[in-house]
Amino acid sequence: MTSGNDPKKQSPRRIIVVGGSAAGPKAAARARRLDEQAEIVILERGPDLSMASCGYPYYVGGVFDDRNMLLTTPAGTVRNPTFYLKAKGIIARTGTEVTAIDRAAKAVTIRDVETGQQEELTYDKLVLATGAKPKLPPIPGIDLAGVTTLQSIKDADFLRKVRDEGKTRKAVIVGGGLIGIETCEALHLAGIEITVVELLPQILTFLDWQLAKLVELHVRSKGANVIVDNGVAEFLGQDGRLNGLKLANGTELECDLAVLAIGVSPNTRLAREAGLDVGKTGGILVDDHMRTSDPDIFAAGDCVESANLITGTKVHAPYGDLANLQGRVAGENAATSDGATFPGVVQSGICKIFDYSAGSTGLSEEAARAAYSDDVETAINASTDIPGFMSGKLLVTKLVVKRSDGRLLGAQCIGPGDVGKQIAIWAVAIRGGLTIDDMVNADLPYAPPFSLAIDHSIATAHIMQNKLKGRMKGISAVEVRHKLDAGETPFILDGRGPDEYEQVRLGIGEHLIPLGALRGRLDELPAEKDKEIICFCKISLRGYEAARVLEGRGWTNVRVMEGGIAAWPYPREK
Ligand SMILES: Cc1cc2nc3c(=O)[nH]c(=O)nc-3n(C[C@H](O)[C@H](O)[C@H](O)COP(=O)(O)OP(=O)(O)OC[C@H]3O[C@@H](n4cnc5c(N)ncnc54)[C@H](O)[C@@H]3O)c2cc1C
């Protein structure tokens, strides 16, 4: 059977898609656009379709009130079965769970969730888009009323009700990842006292510790509490209701709500039971056509594992953008033999937390060192995103490259400025395999409302190039702290003006010598030319200039504390 005039179309009689949230509907819609003749069926066990899960925290936090907005097209039409049938010619069956796949018969068994009635449906091509499920460790008390996740629209409804009722006083968010942090903001906006508890030494593990700590300080500045290096040992309750929890170190926290957000695992029961290959990360194994180990079954979204394009390793990358991209490829390949590909991911992510955003793409320094050991260089840059006269806001970026060839490996950025633009630039650069030399002269668009004349990203590349060429010897705030804690006594030079020093200062034994006065006050510097000198200022631009002056005057061991005070993640004297 052929379809239309395109000889590449296989025109399968029926394409079945399991899962009706992100990857599934995208696969179905793409298949339909490429093949008007096929029968396309979406099977979704829940009551809704095309839920914008990424919007749940904003619905819970009251950023918008109309729940339907989570389910509508940009034109305001609810994406329900009628919409799918009329607008797309796709049969979408909600309340319909797929319970088994018979690969030999090319059939799925389906169960009506309400009536329990079973049915068999044959397929020519099958797309699995079964998503992920929240990790729920067997912590005592996890079943108490008041312990929830924020994974489904039902969870979002529950938490929105909590907000609207206004009775909940204290909540604990268990897990400081993207969803935990977004939930923290949402419930804080609802007037609830929040504590985030994180097992690891930092929140937001896609960032290295220093940048994560800067975000944590911002979260604390808004009145939310953050406890790191500690896990939940037990949920405590009375009469079946949560009233507190006990941490691993014995601390007890009072709370009437706990939201578990400790990550998700691929939902692969169907695939496993059907004998499809599953990878080491727990996700369904697919090739770059999103084809599983069965050539007639494709899979996409949170249920699959992906290739990391930088390291070549397999990763589980549960992100909404990837679910859509993968779904598009799976749908195209289910409908045609064009051989559309999804080669892999660089793992980009971003979240908003109060006035800050935090994003990352590629490898963190920790991940890069695990892959390339010492062949790694980092640079930190702090500046505004646009000029001060346009009310520019702070950005702090950490860039990670392969030292031997300058290949970009990763970038992370935080702050109140336009983090999304920075991460988008680096994500494409990393995906394209660019090096630092490609980035230093990148031709990005510039006008004051949008950028600095040299965009923050390019200035970050300049810092990195200076470091790689040995023109700037950098040191991170973390290394400075370690030196001081180890009893070392470098000469620390603060190159700002006295007014700035009066307002904000680190209090780590620094000497204030404003950059403009430095050349006339060299006699205040150590006489030994090899004494270690660490220069900084608000963002370490003047710190860098000071370092160049000193190196030009014969000091040989001068370093710049990267990012200056803006990237200092410890308490300050002022
Ligand atoms: C609160 C929250 C915030 C998020 N924020 C972001 C963000 O800002 N950016 C980002 O990139 N990502 C974000 N994500 C992640 C993003 O939502 C997911 O990556 C995306 O939804 C994955 O889509 P999917 O279609 O693969 O899986 P899912 O959205 O999980 O959908 C899978 C669907 O399959 C159905 N299903 C499963 N098994 C069966 C079966 N046997 N029969 C029938 N139906 C079945 C399920 O009911 C479900 O509806 C967020 C997620 C959450 C929960």
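Visitor: Which residue does the side chain of K467 meet in a salt bridge?
Guide: The model is predicted. In it, a nitrogen of the K467 side chain lies 2.5 Å from an oxygen of its partner, and the cut-off for a salt bridge is 4 Å. The partner is E562.

Visitor: How many residues apart in sequence are the parts that K467 and E562 tie together?
Guide: K467 belongs to helix α12, residues 456–468. E562 sits in the segment after β30 (558–561), so the salt bridge ties together parts whose separation in sequence is 95 residues.

Visitor: Are K467 and E562 buried or exposed?
Guide: To count as buried, a residue must have under 20% relative accessible area. K467 falls in that class, and so does E562: both are buried.

Visitor: Which residue forms a salt bridge with R160?
Guide: R160 lies in helix α4 (residues 153–165), and its partner lies in that helix too, 4 residues away, about one turn. The closest N and O atoms of the two are 3.2 Å apart. The partner is D164.

Visitor: Does R160 count as buried or exposed?
Guide: D164, at 48% relative accessible area, is partly exposed. R160 has 6% relative accessibility, and the limit for the buried class is under 20%. R160 therefore counts as buried.

Visitor: Where does D294, the salt-bridge partner of R103, lie?
Guide: The side chains of R103 and D294 meet with 2.9 Å from N to O. The pair links distant parts of the chain, 191 residues apart, with R103 in the loop between β4 (96–102) and β5 (107–112). D294 is in the loop between α7 (269–273) and β18 (297–299).

Visitor: What does R103 count as, by its relative accessibility?
Guide: D294 has 6% relative accessibility and counts as buried. R103 has 30%, which is between the limits of 20% and 50%. R103 is therefore classed as partly exposed.

Visitor: How many salt bridges does the count come to?
Guide: The pair R103 and D294 is one of those that meet the rule, and the pair R160 and D164 is another. The count comes to 42.

Visitor: In what order do the 5 strands of the open sheet stand?
Guide: The pairing in this sheet is parallel. Its edge strands, each pairing on one side only, are β9 (147–149) and β12 (225–227). The twist from one strand to the next averages 20°. The order is β9-β16-β10-β11-β12.

Visitor: Which residue in β16 does T149 stand opposite?
Guide: β9 is joined to β16 (residues 257–260) by 3 bridges, and the two strands run parallel. Opposite T149 in β16 stands L260.

Visitor: Which strand is β23 joined to by 9 bridges?
Guide: β23 (residues 376–384) is mostly covered, with 8 of its 9 residues buried. Its bridged neighbour runs antiparallel to it, and there V401 is the bridge partner of E377. That neighbour is β24.

Visitor: Which helix gives the most to the largest nonpolar core?
Guide: In soluble globular proteins, nonpolar side chains tend to be buried together. The largest core here has 52 residues, and those with the most contacts inside it include I15, I16 and I101. The helix in question, residues 320–335, gives 6 residues to this core: it is α8.

Visitor: At what angle do α10 and α12 pack?
Guide: Q422, I425 and W426 in α10 meet H456, S457, T460 and A461 in α12. The axes of the two helices are 9 Å apart. The helices are oblique to each other, because the angle between them is about 55°.

Visitor: Which residues is P449 in contact with, leaving aside its neighbours within four places in sequence?
Guide: P449 is in the loop between α11 (436–439) and α12. With a relative accessible area of 45%, P449 is partly exposed. Beyond its sequence neighbours, the residues in contact with P449 are I386 and M390.

Terms used
Residues are numbered from 1 along each chain as its sequence is written. This is a predicted model: local features need pLDDT of at least 70, side-chain atom pairs count only at pLDDT 80 or more; totals for chains, interfaces and linings use all residues. Side-chain values use heavy atoms; hydrogens and water are left out. Buried means under 20% relative accessible area, exposed over 50%, partly exposed in between (1.4 Å probe, protein chains only). Two strands pair if DSSP finds at least two bridges between them. Axes are lines fitted to C-alpha atoms, for helices over the stretch in contact, and angles run from 0 to 180 degrees between N-to-C directions. A nonpolar core is a set of buried Ala, Val, Leu, Ile, Met, Phe, Trp, Tyr and Cys residues joined through side-chain atoms within 4.5 Å. Angles under 35 degrees count as roughly parallel, over 145 as roughly antiparallel, 65 to 115 as roughly perpendicular and the rest as oblique. Contact means heavy atoms within 4.5 Å.
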